[in-house]
Every structure is written in C-alpha cells, then in structure tokens.
Amino acid sequence: MKNIIDRITKMETILDELTVVVEKTDKAMNELTDSLKDLETLKKYYESQYMKDVMEEKRGEVPQDLKRGVLSEDAVHMLLTDLVELSFKMEKLSNKIRGF
C-alpha cells in the first residue's frame with residue numbers, strides 16, 4: 001500500500017511542477033512574441049538614426065546623465081546573439097518534446 005501512495009504522490013508532484021513550468025514558459029513566450037514589434041523598432045533605429053545619435057553623443061550633445069546603452073554596439077549585438085541562442089534552445093527543446 002505504501003508503494004502506491006509514494007508513487008502517486010511522486011507523480012502528482014512532478015505533474016504539479018511541470019504544470020507550473022509550462023504556464024510560466026507560455027507566459028514568457030507570449031511576452032517574447034509581443035516584444036518582436038519592439039525588436040523591429042530597434043532594428044529600424046539601428047538602420048537609420050543610430051549612427052547620427054552616436055555622432056551627437058561623441059560631440060557631447062547628449063546629456064551625460066542620460067542612460068544610453070543603446071548607443072553601444074555591444075549591447076544590441078549581445079541582445080541579438082542571446083535571442084538567436086534562445087531560438088536554437090527552443091528548437092532543440094521542441095524536437096525533444098515532439099519525441100514523447
């Protein structure tokens with residue numbers, strides 16, 4: 001009798017934990033999907049206005065206390081690299097899940 005109780009309890013815990021993970025992941029995926037519009041806006045900025053803003057910043061025309069990480073090529077490059085790596089992880093995970 002104890003065996004079945006332990007087994008069911010363990011499986012119930014796994015089910016509960018996985019349900020929470022799936023709900024959190026679904027929410028994060030929705031947020032990421034919604035953020036793609038912002039990524040497109042950032043891309044357009046880098047294709048048009050970015051260099052002008054960098055030059056103005058180099059001429060001292062941007063307030064020193066203004067947060068301006070967006071003028072760093074590294075910040076956007078790292079974001080894009082992270083997004084690509086995340087997409088590869090999602091693809092690998094998706095393939096594993098489909099295998100069940």
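# Getting to know a three-helix chain

Student: Let's start with the overall form of this predicted model. What radius of gyration does the chain have, next to that of a compact globule of 100 residues?

Tutor: A compact globule of 100 residues would have a radius of gyration near 13 Å. The C-alpha atoms here fill a box of roughly 80 × 30 × 20 Å along the principal axes. For the chain itself, the radius of gyration is 22 Å.

Student: How many helices and strands does the chain have, and what pattern do they follow?

Tutor: There are three helices and zero strands. Helix α1 covers residues 2-48, while α2 takes in 50-58 and α3 takes in 73-98. Read along the sequence, the pattern is α-α-α.

Student: How far apart are the end C-alpha atoms of α1, and what span should its 47 residues have?

Tutor: At 1.5 Å a residue, the 47 residues of α1 should span 69 Å. The end C-alpha atoms agree with that, being 68 Å apart.

Student: Where does α1 bend, and by how many degrees?

Tutor: Look along helix α1, which runs over residues 2-48. The bend sits at leucine 36, and its angle is about 35°.

Student: What share of the 100 residues is buried?

Tutor: A residue counts as buried when its relative accessible area is under 20%. The accessible surface of the chain comes to about 8900 Å², and 61% of that belongs to carbon and sulfur atoms. Among the 100 residues, the buried share is 6%.

Student: Which residues form a nonpolar patch on the surface with about 450 Å² of accessible area together?

Tutor: One member of the patch is isoleucine 5, which lies in helix α1. Isoleucine 5 has a relative accessible area of 48%, so it is partly exposed. The patch is made up of Met1, Ile4, Ile5 and Ile8.

Student: Which residue forms a salt bridge with lysine 2?

Tutor: Lysine 2 is exposed, at 59% relative accessible area. Its partner is partly exposed at 38%, and the two lie four residues apart in α1, about one turn of the helix. The closest N and O atoms are 3.1 Å apart, and the partner is aspartate 6.

Student: The structure holds four salt bridges, so let's take another one. Which residue does arginine 68 meet in a salt bridge?

Tutor: The N to O distance in this pair is 2.9 Å. The pair links distant parts of the chain: arginine 68 is in the loop between α2 and α3, and its partner is in helix α2, eleven residues away. That partner is partly exposed, with a relative accessible area of 22%. Its name is glutamate 57.

Student: Is arginine 59 buried or exposed?

Tutor: Arginine 59 forms a salt bridge with glutamate 61, with the closest N and O atoms 2.9 Å apart. Glutamate 61 is partly exposed at 46%. Exposed means over 50% relative accessible area, and at 51% arginine 59 counts as exposed.

Student: What separates the C-alpha atoms of serine 72 and glutamate 61?

Tutor: Serine 72 is found in the loop between α2 and α3. Its relative accessibility is 28%, so it counts as partly exposed. Serine 72 and glutamate 61 are eleven residues apart along the chain, and their C-alpha atoms are separated by 16 Å.

Key:
Residues are numbered from 1 along each chain as its sequence is written. This is a predicted model: local features need pLDDT of at least 70, side-chain atom pairs count only at pLDDT 80 or more; totals for chains, interfaces and linings use all residues. Side-chain values use heavy atoms; hydrogens and water are left out. Patches are made of residues with over 30% relative accessible area and no salt bridge: like charges are joined within 9 Å, nonpolar side chains (Val, Leu, Ile, Met, Phe, Trp, Tyr) within 5 Å. Accessible areas come from the Shrake-Rupley method with a 1.4 Å probe; for residues, only the protein chains shown count as cover. A salt bridge is a side-chain nitrogen of Lys or Arg within 4 Å of a carboxyl oxygen of Asp or Glu. Buried means under 20% relative accessible area, exposed over 50%, partly exposed in between (1.4 Å probe, protein chains only). The expected span of a helix is 1.5 Å times one less than its number of residues. The bend at a residue is the angle between axes fitted to the seven residues ending there and the seven starting there. The radius of gyration is taken over C-alpha atoms; the globule rule is 2.2 Å times the number of residues to the power 0.38.
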